[in-house]
Amino acid sequence: MRLSRYFLPTLKETPSEAQIASHRLMLRAGMIHQEAAGIYSWLPLGFKVLQNIEQIVREEQNRAGAIEMLMPTLQPAELWKESGRYEAYGKEMLRITDRHKREMLYGPTNEEMLTAIFRTYCRSYKELPKILYHTQWKFRDEVRPRFGVMRGREFLMKDAYSFDIDEAAARRSYNRMFIAYLNTFSRMGLQSVPMRAETGPIGGDLSHEFIILAETGESAVYCHKDLVDMPSPGLDVDFDGDLQALVDESTALYAATEDVHDEEAFMKVPEEKRLSARGIEVGQVFYFGTKYSEAMKATVTLKGGGEQAVHMGSYGVGVSRIAGAVIEASHDEDGIIWPMAIAPFKVGIINLRQGDTDTDAACDQAHQVLENAGAEPLYDDSENRAGAKFARMDMIGLPWQLIIGPRGLKDGVVELKERATGERQTLSLDAALNLLEKQCVRSE
Ligand SMILES: Nc1ncnc2c1ncn2[C@@H]1O[C@H](COP(=O)(O)OP(=O)(O)O)[C@@H](O)[C@H]1O
Ligand SMILES: [Mg+2]
């Protein structure tokens with residue numbers, strides 16, 4: 001992509017309304033545009049990041065055996081009256097009346113809707129187990145939307161719902177999502193720590209939040225330090241096998257959010273291993289048994305006759321929040337440092353002397369080759385001076401910068417800079433393009 005044809009409205013000034021680095025940088029890098037409190041447009045650069053995050057979440061959901069679908073943002077109030085949550089959900093629910101005076105709402109979550117879909121089509125134990133998911137915009141009329149996309153009112157969430165015959169089977173679904181989440185966040189370059197958590201308005205009695213440790217996180221969390229560098233299970237996990245041992249490994253050490261924190265249990269962690277910190281919740285998993293299936297009569301016939309309300313769980317990932325969380329976890333004073341997996345472009349080409357025939361030709365060639373190879377280049381072909389190009393490229397945080405100028409070309413070389421380390425190397429254009437193809441093109 002040529003910058004001159006792209007839409008990248010970067011800001012030089014630091015926006016005063018932004019209190020944390022990720023919010024500041026998302027505004028400065030031209031990723032988002034605020035429409036109202038907690039409601040954002042995703043500008044092209046931000047949208048690419050959002051799509052990359054969504055795609056990784058999707059791939060790991062599919063790998064774990066979940067099935068993708070799409071439900072609407074608007075829901076009829078009747079469904080929520082059936083479960084009893086229409087009143088209980090309170091002011092966070094945006095209620096809407098249509099022209100026929102029918103009560104509707106902008107969905108904050110989809111337990112009711114999918115339970116109703118399930119009961120319409122699935123009547124027998126033979127249909128089980130099932131995990132269905134979608135990635136859709138949610139609305140929660142938060143009292144204090146803040147920190148940009150981290151606590152928005154409209155936000156993109158992946159939510160999955162599992163249906164099983166009994167608690168033991170529901171545990172297996174829970175474990176699938178649990179392991180899938182560890183792999184999902186790890187692929188985005190995030191170290192997540194699963195922590196025991198309260199169930200809140202979803203209900204039920206088993207829940208974990210997946211927390212990214214960060215000083216600017218909204219939640220106070222307490223955990224054993226060894227969890228902070230625990231490796232993720234890896235993509236070769238057999239999701240049809242028994243995952244309990246893997247889940248036990250990740251939950252054996254103390255880890256809890258403030259709401260369920262048990263100081264006495266925490267004190268049993270050796271003092272040098274006790275970590276009390278702040279964190280960002282990027283996902284949460286719940287098992288809530290028959291809470292919705294009983295209220296909404298989602299039952300299946302059993303093998304030996306008789307009926308059973310299905311055991312359910314739900315599993316959310318904050319897709320839009322993750323864009324902010326990754327920046328909180330990965331930036332420096334110059335700007336964002338994108339992990340390769342979700343970077344909006346993988347390499348920025350910087351032309352040091354726009355208008356110089358040889359330099360323009362070398363940049364054009366690099367752009368073409370990288371584009372064809374699928375290395376997703378962004379070519380800064382603007383008339384700006386070099387300093388401004390460097391600063392902007394550092395700020396938007398692409399993993400690699402390919403710097404091409406007349407002086408180097410005279411000696412047959414270009415410069416390659418890695419954003420994360422700041423390391424620079426001088427090499428021939430061919431060698432640089434070879435290296436970039438290896439680094440930036442996804443092999444899977
Ligand atoms: N207001 C919000 N803005 C952005 N993301 C949110 C917001 N509320 C929840 N999320 C994301 O969606 C995921 C699932 O939400 P859920 O656990 O149901 O909500 P909550 O944690 O508010 O009870 C959370 O882990 C979080 O990553
Ligand atoms: Mg939550």
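Two strands pair if DSSP finds at least two bridges between them. Strands S11 and S13 pass that mark in this predicted model: six bridges join S11 (residues 219–224) to S13, and the two run antiparallel. Within this pairing, Val221 has Ala277 of S13 as its bridge partner.

**Strand S13 and its partners**

S13 covers residues 274–289. Strand S10 (residues 206–213) also pairs with S13, in the antiparallel sense, over eight bridges. Leu206 stands opposite Tyr287 of S13 there. S16 (311–318) is another partner of S13: six bridges join them, and they run antiparallel. Tyr287 appears again here, standing opposite Gly313 in S16.

The table sets these pairings beside one from another part of the chain, S22 with S23.

| Strands | Bridges | Sense | One facing pair |
|---|---|---|---|
| S10 and S13 | eight bridges | antiparallel | Leu206 and Tyr287 |
| S11 and S13 | six bridges | antiparallel | Val221 and Ala277 |
| S13 and S16 | six bridges | antiparallel | Tyr287 and Gly313 |
| S22 and S23 | four bridges | antiparallel | Val414 and Leu427 |

**The surroundings of ligand 1**

How many residues surround ligand 1? There are 16, and the closest are Phe155, Gln284, Gly316, Gly318 and Arg321. Four elements give two or more residues to this shell: strand S8 (154–164), strand S13, strand S16 and helix H10 (319–329). S13 gives the most, with four residues. By class, the shell holds three nonpolar, eight polar and five charged residues.

**Helix H10 against helix H2**

H10 also meets helix H2 (residues 44–63). Their axes come within 9 Å and cross at roughly 110 degrees. H2 and H10 are therefore roughly perpendicular to each other. Their crossing is right-handed. H2 brings Gly46, Val49, Leu50, Ile53, Glu54 and Val57 to the contact, while H10 brings Val319, Ser320, Ile322 and Ala323. Seven of these contact residues are nonpolar, two are polar and one is charged.

**The five-stranded sheet**

Further along the chain lies an open sheet of five strands. Its order is S20-S19-S21-S22-S23, and the pairing is mixed. The edge strands are S20 (377–380) and S23 (424–427), each pairing on one side only. On average, neighbouring strands of this sheet are turned by 20 degrees against each other, direction ignored. Four antiparallel bridges link S22 (residues 414–418) with S23, where Val414 has Leu427 as its bridge partner.

Two helices pack on this sheet. H11 touches S19 (347–351), S20 and S21 (400–404), and its direction makes about 170 degrees with that of S19. H14 touches S19, S21, S22 and S23, and its direction makes about 165 degrees with that of S21.

**Helix H11 against helix H14**

How do these two helices lie to each other? The axes of H11 (residues 357–373) and H14 (residues 429–440) come within 10 Å and cross at roughly 25 degrees. Angles under 35 degrees count as roughly parallel, so that crossing makes H11 roughly parallel to H14. The crossing is right-handed. On the H11 side, the contact is made by Ala362, Ala366, Val369, Leu370 and Ala373. On the H14 side, Leu429, Leu433, Leu436 and Glu437 take part. By class, this contact has eight nonpolar residues, no polar residues and one charged residue.

Conventions
Residues are numbered from 1 along each chain as its sequence is written. Chains are lettered from A and ligands numbered from 1 in the order in which they are written. This is a predicted model: local features need pLDDT of at least 70, side-chain atom pairs count only at pLDDT 80 or more; totals for chains, interfaces and linings use all residues. Axes are lines fitted to C-alpha atoms, for helices over the stretch in contact, and angles run from 0 to 180 degrees between N-to-C directions. Angles under 35 degrees count as roughly parallel, over 145 as roughly antiparallel, 65 to 115 as roughly perpendicular and the rest as oblique. A crossing is left-handed if the near helix is turned anticlockwise from the far one by less than a right angle, and right-handed if clockwise. Two residues are in contact if their C-beta atoms, placed from the backbone, lie within 7 Å. Ala, Val, Leu, Ile, Met, Phe, Trp, Tyr, Cys and Pro count as nonpolar, Asp, Glu, Lys and Arg as charged, and the others, Gly among them, as polar. A residue is near a molecule or strand if its C-beta atom, placed from the backbone, lies within 6 Å of it.
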